[in-house]
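Please follow this explanation with the sequence and the coordinates at hand, taking the elements in the order in which they are introduced.

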Amino acid sequence: MTAAIAARGLRKAFNDTKVLNGVDFEVQTGEIFALLGANGAGKTTTVNILSTLLAADGGRAGICGFDTADQPDRVREQISLTGQFAAVDGVLTGRENLVLIARLRAVADPGQVADRLLDRFGLSEAAGRRAGTYSGGMTRRLDVAMSLVGRPAVIFLDEPTTGLDPQGRLEVWKAVRQLAGEGTTILLTTQDLDEAEHLADRIAILHDGRIIADGTLAELERLLPPTTVEYVEKRPTLEEIFLAIVGTPDQGGIR
């Protein structure tokens, strides 16, 4: 079976600085794959190569069987990308941004698609406002919603929940799980280990230009020494307190 995403020996350097030094991994259809690494580890460089925004110095990459170097147009038909910085037009309203992307992707009934995504991400009340007036969290939610237009086969989410409040982050997580359940393949880069733990089917760690670990959470846990059992009093985190008071997207909070 052809992998949805395949990287083979990817290499990339900027001037004399090696960023990728032989990156290898595969992501199967419908998987949520988390790519972890410190700042400067090469996560965004990897995503940019896979999404045809950047040419590799060596190695090969493919999306749904199409080569990123030789068949970039075919690759772009399969993918969507949410980068670290929102690609939202601040002059347009939130709804207009979504309708524009739907028209560019030749999606049937752009207005209906826009309205459905606005509702999913809690932006219906702000649909008619210029996106430039949105808060940072609202802008990020709109940016993620735009990446879902057209139901692409593969979605790249480069640190998608940066700047989101806890409720907004949970809404993005819910959308990601739903998409994967419907067969969409998702490559997620993040520095939020909690996010990777909650979402990813498989996790890879990128360090010094290479993948140094790749597996499920259970497989990665087995790389550590055996755990010891200790009994401690666990206090709720501030995030847990916040969500208990204001409620998650699916339930009310304390009133």
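Thr82 has its place in strand β6, which spans residues 79-82, in what is a predicted model. With a relative accessibility of 0%, Thr82 counts as buried, because the cut-off for that class is a relative accessible area under 20%. Leaving aside neighbours within four places in sequence, Thr82 is in contact with Arg140, Asp143, Val144, Ser147, Phe156, Leu157 and Asp158. The C-alpha atom of Thr82 is separated by 9.7 Å from that of Leu188, a residue that lies 106 residues apart from Thr82 along the chain.

A second buried threonine can be taken up here, namely Thr68, whose relative accessible area is 11%. Thr68 lies in the loop between β5 and α2, the latter covering residues 72-78. When the neighbours within four places in sequence are set aside, the contacts of Thr68 are Ile49, Leu50, Thr52, Ala61, Gly62, Ile63 and Val75.

The strand β5 that precedes this loop belongs to an open sheet of 4 strands, in which the order is β2-β1-β4-β5 and the pairing is antiparallel. At its edges are β2 (17-27) and β5 (66-67), each of which pairs on one side only. Strand β1, residues 5-14, runs antiparallel to β2 and is joined to it by 8 bridges; within this pairing, Leu10 has Val23 of β2 as its bridge partner. Between β4 (58-63) and β5 there is a loop that contains Cys64, a residue that has a positive phi of about 50° although it is not a glycine. That value deserves attention because most residues other than glycine have a negative phi. As for its surroundings, Cys64 is partly exposed, with a relative accessible area of 28%.

Another set of pairings involves β3, β9 and β10. Strand β3 (residues 32-36) and strand β9 (residues 202-207) run parallel and are joined by 4 bridges, with Phe33 standing opposite Arg202 in β9. On the other hand, β9 pairs with strand β10 (residues 210-215) in the antiparallel sense, over 5 bridges, and here Ile203 stands opposite Gly215 in β10. The hairpin formed by β9 and β10 has 2 residues between the strands, and in this hairpin Asp208 takes a positive phi near 55°.

Turning to the helices, what angle and what distance describe the packing of α3 and α4? The two helices pack at an angle of about 130°, and their axes are 8 Å apart, which makes α3 oblique to α4. In passing α4, helix α3 makes a right-handed crossing. From α3 the contact is made by Gly94, Arg95, Leu98, Val99, Ala102 and Arg103, and from α4 by Pro110, Gly111, Ala114, Asp115, Leu117 and Leu118. The buried residues within α3 are Gly94, Asn97, Leu98, Val99, Ile101 and Ala102, and these buried residues pack against α4 and α5. Just after α3, Ala106 takes a positive phi of about 55°. Asp109, found in the loop between α3 and α4, also has a positive phi, near 55°, and is a residue other than glycine; at 43% relative accessibility, Asp109 counts as partly exposed.

The helices also lead to the nonpolar interior. The largest nonpolar core has 42 residues, of which Leu98, Leu117, Phe121 and Val149 touch the most other members. The elements that give two or more residues to this core are β3, α3 (94-104), α4 (110-120), α5 (136-147), β7 (154-158), α6 (166-181), β8 (185-190) and α7 (193-199). It is α6 that provides the largest share of this core, with 6 residues. Apart from this core lies another, of 25 residues, among them Ile5, Leu50, Ala61 and Val75. Of these, Leu50, Ala61 and Val75 have already been named among the contacts of Thr68.

Returning to the largest core, which residues does Phe121 touch, when those up to four places away in sequence are not counted? Phe121 touches Arg141, Val144, Ala145 and Leu148, together with Glu171, Val172 and Ala175. Val144, listed here as touched by Phe121, is also in contact with Thr82, the residue with which this account began.

Terms used:
Residues are numbered from 1 along each chain as its sequence is written. This is a predicted model: local features need pLDDT of at least 70, side-chain atom pairs count only at pLDDT 80 or more; totals for chains, interfaces and linings use all residues. Side-chain values use heavy atoms; hydrogens and water are left out. Two strands pair if DSSP finds at least two bridges between them. A nonpolar core is a set of buried Ala, Val, Leu, Ile, Met, Phe, Trp, Tyr and Cys residues joined through side-chain atoms within 4.5 Å. Buried means under 20% relative accessible area, exposed over 50%, partly exposed in between (1.4 Å probe, protein chains only). Contact means heavy atoms within 4.5 Å. Axes are lines fitted to C-alpha atoms, for helices over the stretch in contact, and angles run from 0 to 180 degrees between N-to-C directions. Angles under 35 degrees count as roughly parallel, over 145 as roughly antiparallel, 65 to 115 as roughly perpendicular and the rest as oblique. A crossing is left-handed if the near helix is turned anticlockwise from the far one by less than a right angle, and right-handed if clockwise.
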